[in-house]
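Here are some comments for a colleague who is about to look through the coordinates. They are set out as numbered points, so that each can be checked against the model in turn.

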Protein chains: 2
Amino acid sequence: MSKRTHYCGEVNEELIDSNVILEGWVAKRRDLGGLIFIDVRDREGIVQVVVGNDYPEALEIADSLRSEYVVRVKGEVKPRKDVNKDLKTGKIEVIAQQIECLNTSKTPPFYITDDADVDDNIRLKYRYLDIRRPKLINNLMLRSKTAKVIRDYLDENGFLEIETPILAKSTPEGARDYLVPSRVNSGSFYALPQSPQILKQLLMVGGADRYYQIARCFRDEDLRADRQPEFTQVDIEMSFPQMNSFMELMEGMVKDIFNKVKKVSIDTPFRKIEYREAMNKYGSDKPDLRFDMEIIDLTNIVKASEFKVFSQAAKTGSVRAVAAPAAHYSRKEIDRLTEFVKKYKAKGLAWISIKEEGIKSPIAKFLTEEEINGIIKEAGAKCGDTIFIVADTDKVVLQSLGNLRLQLAKELGIIDESKLEFAWVVNFPLFEYDEEEKRYVAAHHPFTQPNEEDIKMLTESPGKVRAQAYDLILNGVEIAGGSIRIHNQEIQSKIFDAISLSKDEAKEKFGFLLDALQYGAPPHGGIAFGFDRLVMLLAATDSIREVIAFPKTTSATDLMTEAPAGVSQSQLDELKLKTK
Amino acid sequence: MSKRTHYCGEVNEELIDSNVILEGWVAKRRDLGGLIFIDVRDREGIVQVVVGNDYPEALEIADSLRSEYVVRVKGEVKPRKDVNKDLKTGKIEVIAQQIECLNTSKTPPFYITDDADVDDNIRLKYRYLDIRRPKLINNLMLRSKTAKVIRDYLDENGFLEIETPILAKSTPEGARDYLVPSRVNSGSFYALPQSPQILKQLLMVGGADRYYQIARCFRDEDLRADRQPEFTQVDIEMSFPQMNSFMELMEGMVKDIFNKVKKVSIDTPFRKIEYREAMNKYGSDKPDLRFDMEIIDLTNIVKASEFKVFSQAAKTGSVRAVAAPAAHYSRKEIDRLTEFVKKYKAKGLAWISIKEEGIKSPIAKFLTEEEINGIIKEAGAKCGDTIFIVADTDKVVLQSLGNLRLQLAKELGIIDESKLEFAWVVNFPLFEYDEEEKRYVAAHHPFTQPNEEDIKMLTESPGKVRAQAYDLILNGVEIAGGSIRIHNQEIQSKIFDAISLSKDEAKEKFGFLLDALQYGAPPHGGIAFGFDRLVMLLAATDSIREVIAFPKTTSATDLMTEAPAGVSQSQLDELKLKTK
């Protein structure tokens, strides 16, 4: 028999009366009195093969087949009587003339279907079987397609794909490094890169002009469900950028991705939201814009209130609220929501329910009628709504109400899942104050260019300096973050001063970057997309493991290969290492 | 001024009388009495900018410019009087109207030109300056282009780009692994992959059908000039392959690369050479086919000779020769060549020089006239030629004559450098005998499928079993190697037996692969191209460092970032590691 003519999923009505050769796996086999039906599966889909006694040799082989055997089938495409609407190939079937069994299979530890309920750890241990599931192989195909669209777009726009080292130097970007002991220089270590940030900047100094890399990055953090010790980012940098046209260029890429991968047309330009506005309205720098329910500031209304909880908070922080539309909350539910905001350090959750018979609220007795009416008016609340109020420091108020807003919207089902709400968040603060370390730290990273008009405040009021940084968000998820970088060595030094990095430390950690900035560094800027997360959104899955071929568990182990593993004494001796 | 309209290298005669805006570096500045000439450089080339006193502001700025300052220039394109034929843009110049200095530069530690003679270590320390050299940035552009052509070709042919982990399990493929200590599972280590070999096979078991990855691989070996601790390979695997059509598919890719990257058309199909033939004719499994000068077997002619050196070797090994055409060798030169073959363990180098006045040879006196004439006839040697003979074990004879053949051809200048001689080397032995370990080892890797007709010899005569393996060579360099893999668990076990890998070892090292082969593994095979080496050939450079953005030295250090480096005690403590 010669080789495959079509993938299983490609066999359709147009091929009726033609011969096809298929190669794939036995997904299902049923023996119906002299006729054997085999569902043959490959990465493109499943097709029904029928074997009857016109071809006794084929029938004999078909009889011996079991689940997950590997077969080659030659047959003729015919219309199917019992059309299966759930199947792409459901209108046809293949009448087998010849079957070859290319390999047998033990009974697999789980059924290879999308709906099988299988323990995650079993799936990971037998990842090579799990990948056969239509959903998982489709995700990998979608990932491959997305990468291709990105590469095509960047190539057309003059970006060079340049590889940067994996055996790199420890970069102090916040997270913990994975280390690689050096054998030749014993006692020394490479670090796996957390991102190619500095190297891509050096490529700009080197005149590469436009760079990209779909780059592997590494962080030795305690993992959460949506994190992996290694992850992939679409890393982009260009020289002589103008911030707005660079953002446009990136919008074009995102448009291309959704268009070519998902056949969805999206509108550009994306809206831009000031960081401050995002925080005030949505309590988040990555707001979900698929619904309104904005946070309302009540501080002015209650600042003179007799109710000390409010008037006191109005002095040192703020009093803000969200109004849940047309929803009844029982006392029990309100207790639950109070517990919810406590996770974000709110001390309590006040509420006012507006009913036909009047308002209902445990704090009504502490407020004047004018205050209550003011709150209702400011919140734009209507009959049936419930207003939830938090009074605390700005940070606690915004964080708790921002999360409460998301939670209420989910519970109320008011999020339109079909929407794609992109936005750029801009004018971030350059620094954040680290309460523990009692110093300013870089909000993005210490190479971000301050806004021109804010440079003069670098020394006196670093907290007020805004950054030429931009995050791209989609439906409340940050999919990319970038900035214009510093290309001037003096400004770079001032930034290091502002984050209390001594000259010596700066030199030790970034000496080569500081050197490079003195030798004709061009203006430059860039962005990095979280590729895994982007693919998750495209694949509409909420688990990062579903878009990675060989993911690790939350304890950073690979259950299939059993990595990490012990090594031999001689390997350690060569590295001059001892384990404690 | 608005943004760039053209790269420097793009400005040509078609733009005469148009305005352009350029951004780049001052490569050279000359002040010629009132006129300032500036060569502006970017990644695409260099263009001459002329500044005169029609634009006094521009002139003032031009006057302050120095080498490697970053500038933006607006001006009008005009024909150039003194045409510079060495320059792509040599027929025009740009008359500047406006200049902005975007950044200054200290005097760089070396001139940024292709011909500057600079110490390699200085270059590596200031790699961001070295990358500005036209040759280096061109190599990186060529590398990017090559990757793009490969990706396009593989994508068109249904190959999915799938990423495999970098934090992997130690694979016993011969070389030393780089290890990464695990913090969460202290005492355990990840290994950086030497290749994605097993994982790509598991992707085939998983039904991915066609996979590729331009993958980073790692080997902690003592480095030679043409090695790097991390390197890149174009890693390809497909299911249900037919060896010949897979090789054709790869030929199509290579054709595409040379066509699109180098505008060179190459003929396919490539010739196929049996491993045995390559060894016998050229003394190498990667013969340079740009010239003949084949090795001739004299064993039969001299096996009964009175000259014991020959007759003895004929019994236990062989006597073979190469004939250097039309060349005179002095005694001193012959001494040098004798030293040369000694590097390959030959005990000596016999020679016969054919001159008009008769033959000249130190061994003539030990040979009969019949033997001498037989040798000359077999070698096809003509008047003026010199025949070089080695008598030893087959291995030593072939290795020393293979290398002598290359050396003589280089010295004689008979290699046509314009030729591209591709060939597949096939029918490799599956195993090699390791004299030190006194056992057979896998010649390629232990997952290579034996030739069907040789499987029966696996137990009795493993040394005779040939592999379904293929190496692609170009001008004497191996650019790719691949094979059909074993998809049957029993054969895989037999191979492990043949290389004396115990069941326990096999299970520990490859247990998951052996498991996977039991669950419906499809027939599969693939190949890996050494990407760095391929780009070297395309760039016509003989240093791997010239095609890698940030290479390491032969002691595996990065002179720019100073990696590897010491780490803090707390980092070691977290990993529960001690350095000795």
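**Notes on the model**

1. Leaving aside its neighbours within four places in sequence, A:D532 is in contact with A:R143, A:F231, A:T232, A:I544, A:V547 and A:I548. These contacts, like everything below, come from a predicted model. A:D532 lies in helix α15 of chain A, which spans residues 531-539, and with a relative accessible area of 4% A:D532 is buried. One of its contact partners is also a polar one, in that the backbone nitrogen of A:T232 lies 2.9 Å from a polar atom of the side chain of A:D532.

2. A:R533 belongs to helix α15 of chain A as well, but A:R533 is partly exposed, at a relative accessible area of 37%. When residues up to four places away in sequence are not counted, A:R533 touches A:V477 and A:E478. In an unreviewed entry, UniProt lists A:D532, A:R533 and A:E478 under "binding site", together with A:R219, A:D220, A:E221, A:Q228, A:G530 and A:F531; as the annotations may be inferred rather than shown by experiment, I would word this as what the record states.

3. On the chain as a whole, chain A has 16 helices and 23 strands, and its C-alpha atoms fill a box of roughly 90 × 75 × 50 Å when taken along the principal axes. Of the 580 residues in chain A, 58% are buried. Among contacts in chain A with a separation of 6 or more, 67% are between residues 24 or more positions apart.

4. How are the two copies related? Chain A is superposed on chain B by a rotation of 180° with 0.0 Å of shift along its axis, and the RMSD is 0.1 Å. The two copies are thus related as by a two-fold rotation axis. In addition, 100% of the interface residues of chain A are also interface residues in chain B, so the copies meet through the same surface.

5. Aromatic pairs number 34 over all chains of the structure. One of them, between B:Y329 and B:F388, is edge-to-face, with 5.3 Å centre to centre and 80° between the planes. Because B:Y329 lies in the loop between β13 (318-324) and α10 (331-342) of chain B, while B:F388 is in strand β16 (residues 386-392) of chain B, the pair ties together parts that are 59 residues apart in sequence. Both rings belong to buried residues, B:Y329 having a relative accessible area of 8% and B:F388 one of 0%.

6. Ring pairs also link A:Y126, A:Y128 and B:Y519 into a cluster, which thus draws on residues of chain A and chain B. A:Y126 has a further neighbour in A:K125, which lies over the face of the ring at 5.5 Å from the ring centre. In chain B, the charged end of B:K125 sits over the ring of B:Y126, 5.5 Å from its centre.

7. Is B:S400, which is found in helix α12 (residues 394-412) of chain B, buried or exposed? B:S400 counts as buried, at 0% relative accessibility. Its side chain has a polar atom 3.3 Å from the backbone oxygen of B:V397. Not counting residues up to four places away in sequence, B:S400 touches B:V341, B:Y344, B:A346 and B:V390.

Definitions and conventions
Residues are numbered from 1 along each chain as its sequence is written. Chains are lettered from A and ligands numbered from 1 in the order in which they are written. This is a predicted model: local features need pLDDT of at least 70, side-chain atom pairs count only at pLDDT 80 or more; totals for chains, interfaces and linings use all residues. Side-chain values use heavy atoms; hydrogens and water are left out. Rings of Phe, Tyr and Trp (its six-membered ring) pair if their centres lie within 6.5 Å; planes under 30 degrees apart count as stacked, over 60 as edge-to-face and the rest as tilted. Helices (H or I, at least four residues) and strands (E, at least two) are DSSP runs, numbered from the N terminus. Buried means under 20% relative accessible area, exposed over 50%, partly exposed in between (1.4 Å probe, protein chains only). A charge sits over a ring if NZ of Lys or CZ of Arg is within 6 Å of the ring centre and within 35 degrees of the ring normal. Copies are superposed by least squares on the C-alpha atoms of residues with pLDDT of at least 70 in both. Contact means heavy atoms within 4.5 Å. A polar contact is a pair of N or O atoms within 3.5 Å; within protein, one must be able to donate a hydrogen and the other to accept it, and residues adjacent in sequence count only if both atoms are side-chain atoms.
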